[in-house]
Amino acid sequence: MADSSVHVDRNLALELVRVTEAAALAASRWMGRGDKNAADGAAVEAMRKAFDTVAISGTVVIGEGEMDEAPMLYIGEKVGIYAKAGGGPEVDIAVDPLEGTTITAKGGPNAMACVALAQKGGFLHAPDIYMDKLAVGPGLPAGVVNIDASVEENLRELAKAKQRSVTDLVVCLLDRDRHKEIVKRCRAAGARIMMIPDGDVSGVVAVSQPDTGVDIYMGSGGAPEGVLAAAALRCIGGQMQGRLLFENEEQIARGKEMGVTDPNHVYTLEEMAKGDVMFAATGVTTGPMLRGVRHFGSGAVTHSIVMRSKSGTVRYVEGHHNFALKPSAFVA
């Protein structure tokens, strides 16, 4: 597997960007048109076609749902040039072809297409349920925050580690009714709040980006998105904890089928995304991390990010796409 990991590191970074570019270009045609399902469907189809050009033997472990729920990029689907023929590096894949379907439909900010890749067995096989999440950026003492600590304690310890006042901190979380108590306690402690309508992958990643001003991410969101966010933080730096939030025995049974032995376990960053990890994302609409797709007469410009945990490298890629030369597909 060592030889495969070298192959993965050296050859797949740009290939992953092409995959996210394809999804973003397709989804961007539906920006602001009020149809989130059409936007998502376009992104899924374009991303699936793009994977057919990537030299891997990949298995989707975080995807669009079960086989009977999703026609493409379903959990367990094999993708890549070598998926059927055999050979090539065996990798696990986590995808969100359009993170922010509602955002895209409404023409709001910060929608993106994202993909993460790890060696086989590298990702937590998370069922499609909610996950409680807590994340902070790099350069902080290990365990500075804890998902089992109170909101007030986490804010106090983070402020102390950053040599700031709690009133200087910005807390990011999804704008949901279930977070009202967290918001109330943050405000009572003096922290400031940044509520986002959707897109908690970018919300978690924001803690590692100084320009966003976000110090900590709290609250619950999709477990699959939690794994994608963990993959990004493994590459760019930071700390994250997550706990799966099972609602019933049926979900617990499904979790056991996917390898979850303890429904109350708190997952660390390394448990959610371990080994050599790569992450790529392309902006669909403009946000703090990525610019959205910009269309012009016969083409478009995309803005992407690609990261590797092995080297800690973060690259931004601006793609100029000429549809006159490639009119039949959105594949970059």
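This is a short exchange about cysteines and annotated sites in a predicted model.

Biologist: How do you know that the structure holds 0 disulfides?

Modeller: A disulfide needs two cysteine sulfur atoms within 2.5 Å. The sulfur of Cys172 is 11 Å from the closest cysteine sulfur, which belongs to Cys186, so that pair is too far apart for a bond. For Cys235 the closest cysteine sulfur is in Cys114 at 12 Å, again too far for a bond.

Biologist: Why is Cys172 called buried?

Modeller: Buried means under 20% relative accessible area. Cys172 has 1% relative accessibility, so Cys172 counts as buried. Cys235, at 5%, counts as buried too.

Biologist: Which residues does the UniProt record place in the feature "binding site"?

Modeller: The unreviewed entry lists several, including Thr101, Arg176 and Asp177. Thr101 and Arg176 are among the residues from this set that the lining of the largest pocket takes in.

Biologist: What makes Thr101 partly exposed?

Modeller: Partly exposed lies between the buried limit of 20% and the exposed limit of 50%. Thr101 has 23% relative accessibility, so Thr101 counts as partly exposed. Thr101 is in helix 5 (residues 101-106), and beyond residues up to four places away in sequence, Thr101 touches Lys36 and Asp40.

Biologist: What makes Arg176 partly exposed, and where is Arg176 placed?

Modeller: At 26% relative accessibility, Arg176 falls in the range between those limits and therefore counts as partly exposed. Arg176 sits in the loop between strand 6 (170-174) and helix 7 (180-189). Apart from neighbours within four places in sequence, Arg176 is in contact with Ile196, Pro197 and Asp198.

Note on methods: Residues are numbered from 1 along each chain as its sequence is written. This is a predicted model: local features need pLDDT of at least 70, side-chain atom pairs count only at pLDDT 80 or more; totals for chains, interfaces and linings use all residues. Side-chain values use heavy atoms; hydrogens and water are left out. Buried means under 20% relative accessible area, exposed over 50%, partly exposed in between (1.4 Å probe, protein chains only). UniProt positions are given in the numbering used here, feature names are shortened, and annotations may be inferred rather than shown by experiment. On a 1 Å grid over the protein atoms alone, a cavity is a set of points where a 1.4 Å probe fits but cannot get out, and a pocket is an open set with protein on both sides within 12 Å along at least five of seven lines; lining residues have an atom within 4 Å of a point. Helices (H or I, at least four residues) and strands (E, at least two) are DSSP runs, numbered from the N terminus. Contact means heavy atoms within 4.5 Å.
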